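Welcome to the tour! Open your viewer, switch to a cartoon view, and keep the selection box handy, because we will be hopping from stop to stop.

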Amino acid sequence: MREQKKLTILEIGHDPWLGSRHNADFLQAGARLVPGKFGQEPGWKEVLPILFRLAKRKYDVIAICQLQVDRLSGLGKKGRLLKKFLAIAMHSRTSSWLLRQILCGSKAVVVVFDNGYEAKLSEAALKIFQPVLYFKRNLLEGYLAGKQGLYRVLPMAVVPQLKMPKTYDVFAAGSFFVAGRKLTLLAAQGLEELGWKVDIVKNTIPYEEYRHRLARAKVAFCVQGFGFHTWRMYEAALAGCVPVIDHPKEPIFH
């Protein structure tokens, strides 16, 4: 029986989803998204061999992260110019095709792993790279209906939580800048005045400390920030802590 060829895979993104079991190369693009896993920028020793294989068209599959070309905050001049260039390229069929050929070639299959907080899909990734599959966290129900199986729900990456004795009734943490989170702070302070044991965290703390304090509470406020939800609802549930959430405004699969 003829042996099946093993696929050569390159993953470009914030966090590696495919893992070493698939023998995939990983090229980090931007800060990590997994809570508490900030990582380090890759060195040239790791990057150069990947760029060489990419230029030689050695990859059968290229998995890319989302491209938020309209988000320019926090970027330097080079980052802004790159995103503006991508925004221009995506609006022309010719420039989109040319850019894909330069970056990926004609034989490589492209898929997207979209970890974005927003539920909308990356228009740039769709127009430029024309992926055969689009994996999306926070996927709207409408995208799954009648799209011929192009879209798939991407699972959350949540660090397993600790099971600890409950020493607090309520846990509330965050910068409390969003309207909903401001209400949770007022609610937590009100419960504290009534004699409840409340743990309120207003400043940034180490992730391990955050995990321990969350696990010690019976209930945690898990109100959404910029996205439709917060990681905390998953972390709380895994820690044996009841998450108090707000209902998402849009019908989202997860």
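Which residues are exposed on the other side of helix 1? Keep that in mind while you get your bearings; we come to it at the second stop. Please note that you are looking at a predicted model.

**Stop 1: the whole chain**

Start with everything visible. Color by secondary structure and you can pick out eight helices and 12 strands. The chain has 254 residues, and 40% of them count as buried. Now think about contacts between residues with a separation of 6 or more: 56% of these are made by residues 24 or more positions apart.

**Stop 2: helix 1**

Select residues 44-55, which form helix 1. Try the distance tool on the C-alpha atoms at its two ends: they are 16 Å apart. That agrees with expectation, because 12 residues at 1.5 Å a residue should span 16 Å.

Next, show the side chains of Val 47, Ile 50 and Leu 54, which are buried. Turn the view until you look down the axis of helix 1: the buried residues fall within an arc of 70 degrees, so they line one face of the helix. A general rule helps here: an α-helix has 3.6 residues a turn, so residues three or four places apart point the same way.

Now for the opening question. On the other side of helix 1, select Trp 44, Lys 45, Phe 52 and Ala 55: these are the exposed ones.

What covers the buried residues of helix 1? Bring up strand 1 (9-13), strand 2 (24-28), strand 3 (61-65) and helix 3 (93-104), which are among the covering elements. Before leaving, click on Arg 57, just after helix 1, where phi is positive at about 60 degrees.

**Stop 3: strand 1 and its partners**

Select residues 9-13, one of the strands you just met over helix 1. Four of the five residues of strand 1 are buried, so this strand is mostly covered.

Look to each partner in turn. With strand 2, strand 1 pairs in the parallel sense over five bridges; select Glu 11 and you will find Phe 26 as its bridge partner in strand 2. With strand 3, strand 1 also runs parallel, joined by four bridges. Here, Leu 10 stands opposite Ile 62. As you compare side chains, remember that in a regular strand they alternate between the two faces of the sheet.

**Stop 4: Ser 122**

Jump to Ser 122, in the loop between strand 4 (109-114) and helix 4 (123-129). Is Ser 122 buried or exposed? Its relative accessible area is 2%, so Ser 122 is buried, the cut-off being under 20%.

Show what surrounds Ser 122: leaving out residues up to four places away in sequence, it touches Gln 66, Leu 67, Asp 114 and Tyr 134. With Leu 67 there is a specific link to find, where the side chain of Ser 122 reaches the backbone oxygen of Leu 67 at 2.8 Å. Then try Cys 65: it is 57 residues from Ser 122 along the chain, yet their C-alpha atoms are separated by 9.4 Å.

**Stop 5: salt bridges**

How many salt bridges does a search of the whole structure find? The count is seven, and we will visit some of them.

Begin with Lys 127 and Glu 123, whose closest N and O atoms are 2.9 Å apart. Both lie in helix 4, four residues apart, about one turn of the helix. Lys 127 is partly exposed, with a relative accessible area of 35%, and Glu 123 is partly exposed too, at 41%.

Move on to Asp 169 and Lys 218, a salt bridge with its closest N and O atoms 3.6 Å apart. This pair links distant parts of the chain, with Asp 169 in strand 8 and Lys 218 in strand 10, 49 residues apart.

Finally, select Asp 199 and Arg 213, where the closest N and O atoms are 2.7 Å apart. Asp 199 lies in strand 9 and Arg 213 in helix 7, so the pair ties together parts that are 14 residues apart in sequence. Both residues are buried. Add Glu 209 to the selection, and you have a network of salt bridges linking Asp 199, Glu 209 and Arg 213.

**Stop 6: strand 8 and its partners**

End with residues 168-173, which make up strand 8. Strand 8 runs parallel to strand 10, joined by three bridges, and Phe 171 stands opposite Ala 220 there. Strand 8 also runs parallel to strand 9, with four bridges between them; look for Val 170 and its bridge partner, Val 198.

Terms used: Residues are numbered from 1 along each chain as its sequence is written. This is a predicted model: local features need pLDDT of at least 70, side-chain atom pairs count only at pLDDT 80 or more; totals for chains, interfaces and linings use all residues. Side-chain values use heavy atoms; hydrogens and water are left out. Buried means under 20% relative accessible area, exposed over 50%, partly exposed in between (1.4 Å probe, protein chains only). Contact means heavy atoms within 4.5 Å. A polar contact is a pair of N or O atoms within 3.5 Å; within protein, one must be able to donate a hydrogen and the other to accept it, and residues adjacent in sequence count only if both atoms are side-chain atoms. The expected span of a helix is 1.5 Å times one less than its number of residues. The arc is that of the directions from the helix axis to the C-beta atoms. A salt bridge is a side-chain nitrogen of Lys or Arg within 4 Å of a carboxyl oxygen of Asp or Glu. Two strands pair if DSSP finds at least two bridges between them.
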